[in-house]
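Hi everyone, thanks for making time. I'd like to walk you through a structure that is probably new to most of you. Have a look at it with me.

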Amino acid sequence: MNAAEIHARLSELLGARAGTLSAANKDEAALIAPRDLLEVCRALKTDDALAFDALMNLGCVDWPGKSEIELVLHLFSYARRHGFVLKCRLDRAQPRVASVVPIWSSAEWLEREQFDLFGVVFEGNPDLRRLLMPDDWIGFPLRKDYEEPESWHGISTVRESPLDGFVRLDELKKKLAASRAETVKAADAPKPDGAP
Amino acid sequence: MSAPGTDPSATMTSGKEVLKRIEYSGEMLVNMGPQHPSTHGVINFLVQTDGEEMTRAIPEVGYLHRSIEKIGERCEYAGFMPYTDRVDYIAAMFANQGWAMACERLFAIEVPKRAEYCRVIACELNRIASHLISVGTMAMDVGAVTPFPYALREREFINDLLEELCGARLTYNYLRIGGVAFDLPDGYSERVLRFVDHFEKVLVEFDRLITQNRIFVERLRGLGVISRALAIDHCLVGPNLRASGVDWDLRRDLPYSAYPDFEFAVPVGTGAVGKTGDAWDRFWVRTREMQESCRIVRQALQKLPEGPVMAKVPRRLKAPEGTDAFSRIESARGDMQYYVVAGPGEMAHRLKIRTGSFNAMGIIEKLSRGIMLADLVALIASLDVVAPEIDR
Amino acid sequence: MSAAATAISLSLSTIAKTSNPRSPEQLVDGLLRARGIEASSPLSTLAMVAALLAIAFIVVNCAAIAAGIFSWLERRIAARMQSRVGPNRVGPAGFFQWIADAVKLLLKEDLIPEGANVHLFRAAPYFMMVGFACTFVALPFSHALIAADLGVGVFYLLAVTAFVVVGVLASGWSSNSKWSLFGSIRSAAQIVSYEIPAGMALLVPVLLAGTLSTQGIIRAQGGWPWQWFVFHDPAALAAFFIYFISALAEGNRAPFDLPEAESELVAGYNTEYSGMRFSYFFLVEWGNMWVMSALATSVFLGGWQLPGLDAARFDALTGGAAIGLEIVSLALFALKTMSLVFVIMWLRWTLPRLRVDQLMSLCWKYLVPVSFAGALFVAGWMLVVRAAPVLDLLMRGALTALGALVVTLFVRRTLSNVRDVGDRLDVRGNW
């Protein structure tokens, strides 16, 4: 089935809650409301004609201008061999959405990663902890307005450039040659007291 | 600092609490890692154990997190290519290809046929190299030391070949958006064919040395059995998925690049010594895939078309803001996915890389319940997790 | 059971008869007498103590040097098997590498982790060294070369090798590291379990020879393969393999190297050690290869016995012939032992490691029952052979032929494997 057919089938099942199918440039995606996410996912998984048995990818996109975080789910069905994309827009100040772990186990780590990097809270995830960053890290690094702290537990996050204080070899040679010429000139200069 | 109202501590169980829970249960807690000989990179496992039998192992990742996704948002599309090498430095060619394909879809660039063939040859050689590391280290983790140098010896030949192709032995940076950086050098086909002829014989030797070894089979049969349904539910990909009996290979089933031109088999785990989807099946699938890669390389060299290796790519790559593209390729560790959202300028707004090891890592805690400490090592090795690919 | 009891009583009666005229005490005694010093004088006691110290010095150094040379040998052999070069810089074919390494390890800092039980941590390697060096006292090297031919030789060897486990446990526990503890507990379980089949397997040659003395057991065999105890009867053949497997397990060698499984336990019980103390553990491991192989050679493979030369005639020889044949017997013994050592190394670099439960089930479910049954079988077979000696000859001949057949088939299979992968045999290159 292609995306339009899948969406048609989904609308058949859920009506308006199936959201709108955007004519995106590459992959057509259904834009749904966050509160319907779990239900739509369940329908996609359980319906025999759709049978989306795998959650391939779950990512967030931060749009500070629109003040929203877009959640993107890439689904795939090994049984029916077709793919589909779901998107839903979350409030950037309070990004909360139901976890899809009850439907696909692979979501557990994917959601943890997004929680870690975007601060999106997936309600119902059994082990919602930071995954990649240290447990006591403050802030969500992949947000657009994130500023890196200067240090963490006294460890500086900024490193001195290893090139500081170093001189390029050709410049060093030039400098040396210049200073040598200087010395030679000084030696050649007539001694003021006339000593040998 | 982060946006207000998103205090992490309010909603999450902290890692420290998880640790406390384990310690209070009266069992021994062992940190396996981050520096441990068989964690394949820098990973930590919190092993909750009662003597040799462990209750479970909790993976703690992130030690190799270099925020490659953030870097991707801050450099130009073409300039990001060398960074993709570091996503999976054991199979860097695939990470290159995933990025190249995502961008080609984003900017609708048609890649010349010869470039596709060059990509296939480079990728399949890289697949052999990556699988060699995987099977070699797996044998070593089970205690057989000799297969590892055998595998690395063969990998050296591949490194030499790839060095000849692109000048690098590990982080290739060979692919470009719209083609490849260099055409095949003179006499390259003969050298690759000579290697492939030699390598197929070595594979036979390797099978005799370790694959059918009685102790090896006894150690791995029935270990970490992943059923078909569990594998799909956890979205395992690549050899791990195929070992569980799912006959699925992107190269054949969702063909990309020049793969439709070639004939090759997709090895699927059958539970020949134990149950379908056990650690031995995963090992075996990898050894067979190396054979199939040899076949593909042979065919690609035979059918190699003439022509340019780079498409006409505009100097400034730009797409309307918010356009997204998704690419899937069959990497050595399975389905590797790049999701890229175009930004306003010549940089991506967002880049998400989903890798095979990441999903494989998520299943370890489930599989580790009730197995022996020695088996955990074999289990990790059999899933072929590579730390940089998990953390990115 | 009565058959076994008869055989054991037969053996015990012959233990008393065997004695070696060339023990070191008698040697020292003879030297003193030649100078007119009586055995009762205080000078004699002093000389005896000095002689014992000298012997102890030689024995410990023998052990250490053997272990050192094996460290070189193992690395070279491993390198050949893995198509690498191995150490080849220091001396001819890198032979002096082990001395260079010893010097390096001596100069390294001797670290003691915080929280370790300091005294036990320091002492543990010495426990192991003592247990290991003591074995050299009762090990024969040639017809006359043995530090002390004890009447309870085999029993003594079994006892002192078990001493190593004290060192392993102490090192693992005192290190204050969980990995070390895992390793030492594994090791203790393993060594204690495998003592039983090893002991039962050694009972077979003891029964056949009727003595516990290592020299006595060698003397009861002959120079030709069919005179060796390994080909005496099927149970003896089985006992040889059981002993060999158990010795591998006791010496923590692959495929039983669980206590120091580097891929699982980092390095096992010696994780926290460094410098010279660390090297003691490896000294013991490598030296143990000699001990187990030499013991197997003595009790199963005819020891130093020269083909065609009866032990009694050997004793009667004097002068240059005696010294020459002594050297030949030494070389023969070393050759047999080294072949076994090679097999041990070969196994180590070929086989994967067993899991703990597999290791234990191999011991308790297979080796222990088979070794017990074997001991009983041998006792019965000895009675049968007494009634019909021709059966003895037939059995020895058949088993020797079988052994030769197995070796031939193995060589042919190896050559065909080498051919199949398009390789060629190269034993001379790469040195």
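I'll start with how the chains meet, then turn to a sheet in chain A, and finish in the nonpolar core.

Please keep in mind that this is a predicted model.

So, which chains share the most contacts? Two pairs of chains are in contact, and of these, chains A and B share the most. Chain A and chain C, on the other hand, do not touch. Their nearest C-alpha atoms are 24 Å apart.

Now let's go to chain A. Here you'll find an open sheet of five strands with mixed pairing, and the order across it is E1-E2-E5-E4-E3. At the edges sit strand E1, residues 20-22, and strand E3, residues 54-63, each pairing on one side only. From one strand to the next, the twist averages 25°.

Let's stay with that E3 edge for a moment. E3(A) pairs with strand E4, residues 68-77 of chain A, in the antiparallel sense, over nine bridges. To pick out one bridge partner, Asp62(A) is matched with Ile69(A) in E4(A). And what lies across E3 and E4 of chain A? That is helix H3, residues 107-118 of chain A, which runs at about 10° to E3(A).

Last stop, the core. The largest nonpolar core has 277 residues, and Ala296(C) and Val378(C) touch the most other members. Leaving aside residues up to four places away in sequence, Ala296(C) touches Phe240(C), Tyr243(C), Phe244(C), Ala247(C), Leu301(C) and Leu340(C). As background, nonpolar side chains tend to be buried together in soluble globular proteins.

Thanks for listening!

How values were computed:
Residues numbered from 1 in each chain as written. Chains lettered and ligands numbered in written order. Predicted model: local features only at pLDDT ≥ 70, side-chain atom pairs only at ≥ 80, totals over all residues. Pairing = 2+ DSSP bridges. Helix = DSSP H or I, 4+ residues; strand = E, 2+ residues; numbered from the N terminus. Axes fitted to C-alpha atoms, helices over the stretch in contact; angles between N-to-C directions. Contact = placed C-beta atoms within 7 Å. Core = buried A, V, L, I, M, F, W, Y, C linked by C-beta atoms within 7 Å. Buried ≥ 20, exposed ≤ 12 C-beta atoms within 10 Å, placed from the backbone.
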